[in-house]
Amino acid sequence: MSSSPPTPPREVRVTDYARRVARRWYIVVGAVVIAVGLVFLHAVSGSTNQATATASIYLGQPLASGGGSVITQTPQSNAGIAVTFVKSTATLADAAQAAHLTAAKLHGHVSVVATNQSAGGTAGSASKTTTGAPTIQITVEGPWSRQRVEAAAESLAKSLIGFENRYADIKRKQLNTRIAAEQAEIARLQASIDRATAALQTIDGSNLSPIDKATASASWGEILATSTQQLGDVSTQLPTDEIALAAVDSIESAQMISDAQGRQVTAIKRRSSLVVAAFIGLIVGVGLALVWEEVRARRGGTPA
């Protein structure tokens with residue numbers, strides 16, 4: 001009794017699948033349209049309550065007391081410290097309160113990026129240092145109004161500026177005190193010089209003998225000479241301190257580069273999301289078309 005030879009497996013051709021998909025082209029088109037439509041509708045529904053705001057901060061570059069050199073080992077020279085501070089629990093809590101949110105909601109919606117970093121550094125990394133004073137960008141983005149994200153970003157920026165300016169604030173206070181004292185000393189010395197000059201003029205115009213004039217003028221002359229020398233010293237130091245104060249305000253202090261400006265985020269502008277949706281819809285549509293052809297073939301319908 002001989003057995004029949006086994007039936008050879010049917011050869012699968014790509015063209016067969018292409019013809020099947022082509023016959024059910026409307027299924028593919030429908031899947032693509034549905035996928036893109038779902039992404040589009042989600043974007044439209046989320047665009048009204050999705051907003052972002054970014055604040056840019058210059059961290060400052062502290063100078064030594066003489067003003068001739070830069071102090072390198074400071075919080076301002078390490079962007080990682082700024083990142084850690086902004087994302088700390090207390091800082092986020094203050095920002096959340098300013099934006100009328102909770103700290104739990106704000107957490108995860110804040111990004112901090114540092115620029116001006118040295119080679120090999122990673123922006124926003126808490127373990128990397130920078131050369132010079134970095135610039136920090138704080139961005140808050142979430143499903144809230146632009147006013148709320150703006151308030152949160154502004155609060156985080158101001159908190160960071162206050163943290164970074166501890167050294168600069170002390171230095172500014174000391175310079176202001178010294179400048180005020182120097183200005184008062186200049187006024188006192190100038191008054192003393194004016195009195196001595198007036199007294200010497202009075203003595204010179206009097207009827208005293210030359211010997212009496214010389215005797216009377218001696219003390220006033222000493223006062224005039226001493227006050228004039230002291231006035232010169234203080235007048236030289238005052239501009240130096242005023243320049244140092246200006247450096248504290250413009251160079252050493254952390255300050256806002258650009259205030260946070262909230263704006264609505266339109267998700268439908270992100271074309272990549274639509275492209276991905278169309279690709280996924282295409283794959284799903286092809287699969288459905290092939291399945292539908294297979295089902296029809298088994299039911300005796302259109303041959304596969």
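Salt bridges are a good place to begin, and in this predicted model there are five of them by the rule applied here. Two of these involve the side chain of R172, and they can be followed one after the other. In one, D169 and R172 meet through their side chains, with a nitrogen-to-oxygen distance of 2.8 Å. Both residues belong to helix α7, which covers residues 166-204, and because they are three residues apart in that helix, about one helical turn separates them. D169 has a relative accessibility of 37%, so it counts as partly exposed.

The other bridge joins R172 to D249, and here the closest N and O atoms are 2.8 Å apart. This pair links distant parts of the chain, since R172 sits in helix α7 whereas D249 sits in helix α8 (residues 210-252), 77 residues away. D249, with a relative accessible area of 38%, is partly exposed.

Further along helix α7 there is a salt bridge between R188 and E185, whose closest N and O atoms are 2.7 Å apart. R188 and E185 are again three residues apart in α7, and therefore about one helical turn lies between them. Both ends of this bridge are partly exposed: R188 has a relative accessibility of 45%, and E185 has one of 27%. Where salt bridges share partners they can be joined together, and in this way D169, R172 and D249 form one network.

Helix α7 itself deserves a closer look, beginning with its length. It has 39 residues, which at 1.5 Å a residue should span 57 Å, and because its end C-alpha atoms are in fact 57 Å apart, the expected and computed values agree. Which residues of α7 are buried? They are A168, K171, L175, I179, E182, I186, L189, S192, I193, A196, A199 and I203. These buried residues pack against α8, the helix that also holds D249, the partner of R172 across the two helices.

From the helices we can turn to strand β3, which runs over residues 130-142 and contains T139. Is T139 buried or exposed? Its relative accessibility is 18%, and since buried means under 20%, T139 counts as buried. Its side chain makes a polar contact with the side chain of T54, at a distance of 2.9 Å. If neighbours within four places in sequence are left aside, T139 is in contact with T52, A53 and T54, and also with H109, V110 and S111.

The loop between β3 and α6, a helix that covers residues 146-164, contains P143. With a relative accessible area of 40%, P143 is partly exposed, whereas T139 in the strand is buried. Although P143 and T52 are 91 residues apart along the chain, their C-alpha atoms are separated by 8.9 Å. T52 has already appeared in this account, as one of the residues in contact with T139.

The last stop is helix α6, where S155 is found. What is the relative accessible area of S155? The value is 15%, and S155 is therefore buried. When neighbours within four places in sequence are again left aside, the residues in contact with S155 are D94, A95 and A98.

Terms used: Residues are numbered from 1 along each chain as its sequence is written. This is a predicted model: local features need pLDDT of at least 70, side-chain atom pairs count only at pLDDT 80 or more; totals for chains, interfaces and linings use all residues. Side-chain values use heavy atoms; hydrogens and water are left out. Helices (H or I, at least four residues) and strands (E, at least two) are DSSP runs, numbered from the N terminus. Buried means under 20% relative accessible area, exposed over 50%, partly exposed in between (1.4 Å probe, protein chains only). A polar contact is a pair of N or O atoms within 3.5 Å; within protein, one must be able to donate a hydrogen and the other to accept it, and residues adjacent in sequence count only if both atoms are side-chain atoms. Contact means heavy atoms within 4.5 Å. A salt bridge is a side-chain nitrogen of Lys or Arg within 4 Å of a carboxyl oxygen of Asp or Glu. The expected span of a helix is 1.5 Å times one less than its number of residues.
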